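Here are a few short exercises to help you find your way around a new structure. Try each task on your own, then follow the solution step by step.

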Amino acid sequence: MMTVSKRKSTGSWTCDFYYNGQRIQRTLKFARTKKEAEQAEAVIMNQVFQQAYGLDKKPDKRFEDFIVETFLPYSEANKKSFYLDVLICRVLVDAFKGKTLRQITPPVIESFKQKFLATPTKFGRKRSKTSVNYHLSILSKIFSLAVDADLIESNPSFKVKKLKNNNQRERVLSDDEESRLFDSLGENHLVKNIVTAALHTGMRRGEIFNLRWFDVDFKRELIQVRESKSGKKRLVPMNATVKELLTRLERNSEYVFPSPKTNGKLTDIKHSLTRALKVAQIEEFCFHDLRHTAASRMADAGADAFTLMKILGHSDIRMTTRYTHATDKAIRRAVTNLDASRQFSDQSVTEVKRQPSRLP
C-alpha cells in the first residue's frame, strides 16, 4: 500500500510507512506528481528491505574511521575550534569504538549522554551539562556529514534531547568592585589596560588579544574587530576612555596588547586576573563578565537591544536580550516615571477645574 502524501505548507511530497515496527519517513524532494512520489517511495522501500537483510551495497563504515577520514579534515578546514574538536573526538571514539555508523542508534547515544554526565572530570569535579551538550553537538555534526556522504539514511542524534541547562550568568561588576579590582592589580598595567578596554567596549577576550594597530581608527574613533566569534567583521565605537587609553600606549608591536615575553600575540592573563580578583575579594567573576558588565551598563544608559547587538557582534538578537534584563536601576527608573506621570495627570485635572465653565 502506497503511503505518499503532499504537505500543504511546503507543497512537497512525503512518504510515511512502517517496516518491522520502525517508522520510515522521507521527504521526496524531486517528486512533482503523485506517480513520481509513489515511484520514489518504492525505491526507498527497496533500500530499507536490502538494509534489513544485509543486501545493500553501501559500506557500513566504522565510527572512528569516519572521524579520522572525514570529520577531522572538515573541522580543520572550516572551524576555529579544531583543537577542541580533536579532544572531544577522543572521548567519542572511546565511547563508540568498534561500532559502525549504523550501529550507533538513538538509544546508544542516550546511554552515552547519561554515562558521560555521571562521569567526573579529570579534576574530580562534577561534569557540566554544557560540556555534555557540546559533545552531543559534535556527535550530531559527525552524523550529518555521514548523511551527506550517503553512508546513513538519517541522523540518530536528532532523536536524542539535549540536557536542559540554565547557565546564563547575571554577574555584573559593581562600581565598588571595579575600584577594588584596579587597586589589587597594582602596577600590572597590561591587565589594567585590558580590563579597561573590555569594560568600555564589550569586546571578547580573544578579540582584544587579536587587536592590531591597523584595526584602530583614531580619526573616526572606531575599532575594527576582524576576528570575531561569529566570523563576521564589525566596528566598535571608541569612547573617551578607550581613546585616551590607546593614545598613550606604546606601539612597539603590531598588537595593541602584546605579550611582555614574546612581544607577539598575548595568549592569557587568567593567572594575573584570578589573583587580583582574590585579593579584591571579588567572587564568582571571570573575564567574560567584563563583557556582560559593559553590555549591562550600556543597557542601563538607554541602549536598545538592536544597538547592543551591533556593538557586541551577536548574530541573533535573542543573545542580546540577556544583557537588557531589568536591572535595579532600570526598575527604579521605571517606577519613578510613574510619579512624573501621576503629577502631570493631577496638574492637568487641577487646571481643568480652575477654568470657568463655558456651558450656558
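**Exercise 1.** Decide whether N210 is buried or exposed in this predicted model, then find its place and its contacts.

*Solution.*
- Step 1: The relative accessibility of N210 is 13%. Buried means under 20%, so N210 counts as buried.
- Step 2: Look along the chain: N210 sits in the loop between α8 (205-209) and β4 (216-217).
- Step 3: Set aside the neighbours within four places in sequence, and N210 is in contact with D215, E227, Y255 and K265.

**Exercise 2.** Work out how the rings of F96 and F112 are arranged, and do the same for F112 and F116.

*Solution.*
- Step 1: A pair of aromatic rings is described by the distance of the centres and the angle of the planes. Searching the whole structure gives 5 aromatic pairs.
- Step 2: For F96 and F112, the ring centres are 5.3 Å apart and the planes stand at 55 degrees, so this pair is tilted.
- Step 3: Now place the two residues: F96 belongs to helix α3 (residues 82-96) and F112 to helix α4 (residues 106-118), so their pair ties together parts that are 16 residues apart in sequence. Both F96 and F112 are buried.
- Step 4: For F112 and F116, the centres lie 5.5 Å apart with planes at 15 degrees; planes under 30 degrees apart count as stacked, so the pair is stacked.
- Step 5: F112 and F116 are both in helix α4, 4 residues apart, which is about one turn of the helix. F116 is buried, as is F112.
- Step 6: Put the picture together: F63, F96, F112, F116 and F143 form one aromatic cluster.

**Exercise 3.** Find what lines the largest cavity, and which helices supply at least two residues of that lining.

*Solution.*
- Step 1: Counting cavities of 30 Å³ or more gives 1. The largest cavity holds about 40 Å³ of space.
- Step 2: Its lining is made by A197, T201, M203, I208, L211, I223, V242, L246 and F257.
- Step 3: Sort these residues by class: the lining has 8 nonpolar, 1 polar and no charged residues.
- Step 4: Match the lining to the helices: α7 (189-201) and α9 (240-248) each supply at least two residues.

**Exercise 4.** How many disulfides are there, and how accessible are C89 and C286?

*Solution.*
- Step 1: A disulfide is a covalent bond between the sulfur atoms of two cysteines. The count here comes to 0 disulfides.
- Step 2: C89 has a relative accessible area of 3%, so C89 is buried.
- Step 3: C286 has a relative accessible area of 32%, so C286 is partly exposed.

How values were computed: Residues are numbered from 1 along each chain as its sequence is written. This is a predicted model: local features need pLDDT of at least 70, side-chain atom pairs count only at pLDDT 80 or more; totals for chains, interfaces and linings use all residues. Side-chain values use heavy atoms; hydrogens and water are left out. A disulfide is a pair of cysteine sulfur atoms within 2.5 Å. Buried means under 20% relative accessible area, exposed over 50%, partly exposed in between (1.4 Å probe, protein chains only). On a 1 Å grid over the protein atoms alone, a cavity is a set of points where a 1.4 Å probe fits but cannot get out, and a pocket is an open set with protein on both sides within 12 Å along at least five of seven lines; lining residues have an atom within 4 Å of a point. Grid points are joined across faces, edges and corners, and a volume is the space filled by probe spheres set on the points. Ala, Val, Leu, Ile, Met, Phe, Trp, Tyr, Cys and Pro count as nonpolar, Asp, Glu, Lys and Arg as charged, and the others, Gly among them, as polar. Contact means heavy atoms within 4.5 Å. Rings of Phe, Tyr and Trp (its six-membered ring) pair if their centres lie within 6.5 Å; planes under 30 degrees apart count as stacked, over 60 as edge-to-face and the rest as tilted.
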